[in-house]
Amino acid sequence: MDLQRLKAQIDNSPAFIIDTNELQKNFAQLQTLRQQSGCKVLYSIKALPFSRVLETTKPWVDGFAVSSLFEAKLASECLGINGSLHLTTPGLRPDEWNELLPLLSHISFNSLSQYQRFLAIGINSTSIGLRVNPKLSFLNDNRFDPCRPHSKLGVDIDELWQTNDLKNLKGLQLHTVFSSTDYTPIIKTVEKLRQYFGKQLAQLDWLNLGGGYLFKDIKDHQPYIHLISALKQDYNLDVFIEPGKALVNNVAYLVTTVLDCFISDGKTIAILDTSVNHHPEVFEYQRKLDLHEHQANAKYPIILAGSSCLAGDIFGEYQFTQPLNIGDKLIFKNVGAYSLIKANRFNGYNLPTIYSYQNQELHKEKQYQYTDYRQQWSPD
Ligand SMILES: Cc1ncc(COP(=O)(O)O)c(C=O)c1O
């Protein structure tokens, strides 16, 4: 994508641009992995559930992975009767069960308590599994680690092993890493699963290996391909994967405009017409976004700050080849995953206008208005 040209074309800032050609490329790449390993691919829609993304994605996947009734409804409206719909969540609600269950092809209960209670309410033809916590941590930050001590995510593998009973289950689900660029965690995790359950795994119809791997940033896919093919061969089951970020992160851009510039304690601050409201993970995880205009060692260091009242609403210090001026546009890259879906209107600032970009053409998809803000905060 020609980002300079893009800036000139955007008439609403801040703007969130989804490059659907790039999205298709990501899926095409995953296609090779899918064909060589025989795995089934679900898109985990929580990363970016924009309907244009789901529609673009649909021909390339075996279904969608969801975590709530609303996600399930959206995914199911898009899929129709084609494809699998998998759900796992710690937050299953009895009052939604009758509406939710018919939408799902597969469910992985998050705890034995949840499993027993919902089985008692009744189950239809949905294939029943459990999310397992294999208790192998590969992350040094507890906030992202599903295998942290006292984890709320999945049935403890030791507890599952002690009940010694996979026979009422059709599947198991794992999801244990965050933005991994190395297949070692899943290889070690599957090894542990094999040690614990061995041939019992053949009683299952499916194994869902979750998401969390950034396929584009991994050079050698052979270990993953081998892992999946061996599972299929040894236990004759379907192997699902459910990536989110890997498929959508690099396909989106956030275009923003400089609203003000001033010096604070000797450093230049540029206030943008976006904020951490539009990418809360910048604040939550102190993540520094990729900026198109940044050049390492360039002469002008400038702190980019958001327009909200929060003192820590800061994107960080970037280097520029020339000073920024009010009205300049900047582009954050690789912002597709967990940005728009977490965005909010704190301080009354509007959400970004959403555009799609396909075959060199920009289409305005959605522009929020004051009425959307008012509606959110008014009684029915
Ligand atoms: C159960 C489950 N599956 C899949 C995903 C998608 O992970 P990612 O976007 O890191 O690939 C998540 C993310 O939180 C998850 O919790």
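These legends go with several close-up views of one predicted model. Residue numbers start at 1 along each chain, following the sequence as written. Since this is a prediction, local features need a pLDDT of at least 70 and side-chain atom pairs count only at pLDDT 80 or more, while totals for chains, interfaces and linings use all residues.

**View 1. The whole chain has 12 helices and 18 strands.** Here helices (H or I, at least four residues) and strands (E, at least two) are DSSP runs, numbered from the N terminus. The radius of gyration is 22 Å, close to the 21 Å that the globule rule gives for 380 residues, so the chain is as compact as a globular protein of that length. That radius is taken over C-alpha atoms, and the rule is 2.2 Å times the number of residues to the power 0.38. Along the principal axes, the C-alpha atoms fill a box of roughly 65 × 50 × 40 Å. Of the 380 residues, 39% are buried. A residue is buried if 20 or more other C-beta atoms lie within 10 Å of its own, exposed if 12 or fewer, and partly exposed in between, with C-beta atoms placed from the backbone.

**View 2. Domain 1 meets domain 2.** Domain 1 takes in 3-18 + 249-376, and domain 2 covers 38-243; these bounds come from an automatic or database domain assignment. Their C-alpha centres lie 33 Å apart. Where they touch, 10 residues of domain 1 are in contact with 8 residues of domain 2. On the domain 1 side, that makes 6 nonpolar, 3 polar and 1 charged. Contact means that two C-beta atoms, placed from the backbone, lie within 7 Å. As for the classes, Ala, Val, Leu, Ile, Met, Phe, Trp, Tyr, Cys and Pro count as nonpolar, Asp, Glu, Lys and Arg as charged, and the others, Gly among them, as polar.

**View 3. Look who sits around the ligand: 15 residues.** Coming nearest are Ser44, His175, Gly211, Gly244 and Lys245. To be near, a residue needs its C-beta atom, placed from the backbone, within 6 Å of the molecule or strand. Sorted by class, the shell holds 6 nonpolar, 7 polar and 2 charged residues.

**View 4. Helix H2 runs through residues 20-37.** From first C-alpha to last, its 18 residues reach 26 Å, close to the expected 26 Å, where the expected span is 1.5 Å times one less than the number of residues. Leu23, Asn26, Leu30 and Ser37 are the buried ones. These pack against strand S1 (15-19), strand S2 (40-44), helix H3 (51-57), helix H9 (222-235) and helix H10 (245-248). Right after H2 comes glycine 38, with a positive phi near 80°.

**View 5. Helix H6 (residues 112-121) is hardly covered.** Just 1 of its 10 residues is buried. Glycine 122 follows H6 and has a positive phi of about 130°.

**View 6. Valine 66 belongs to strand S3 (residues 63-66).** Why does valine 66 count as buried? Because 28 other C-beta atoms lie within 10 Å of valine 66. Leaving out residues up to four places away in sequence, valine 66 touches Ile45, Glu71, Ala72, Ala75, Leu85 and Leu87.

**View 7. Lysine 73 sits in helix H4 (residues 69-79).** Lysine 73 counts as partly exposed because it has 14 C-beta neighbours inside 10 Å. Follow the sequence from lysine 73 to leucine 103 and you cover 30 residues, yet their C-alpha atoms are 7.2 Å apart in space.
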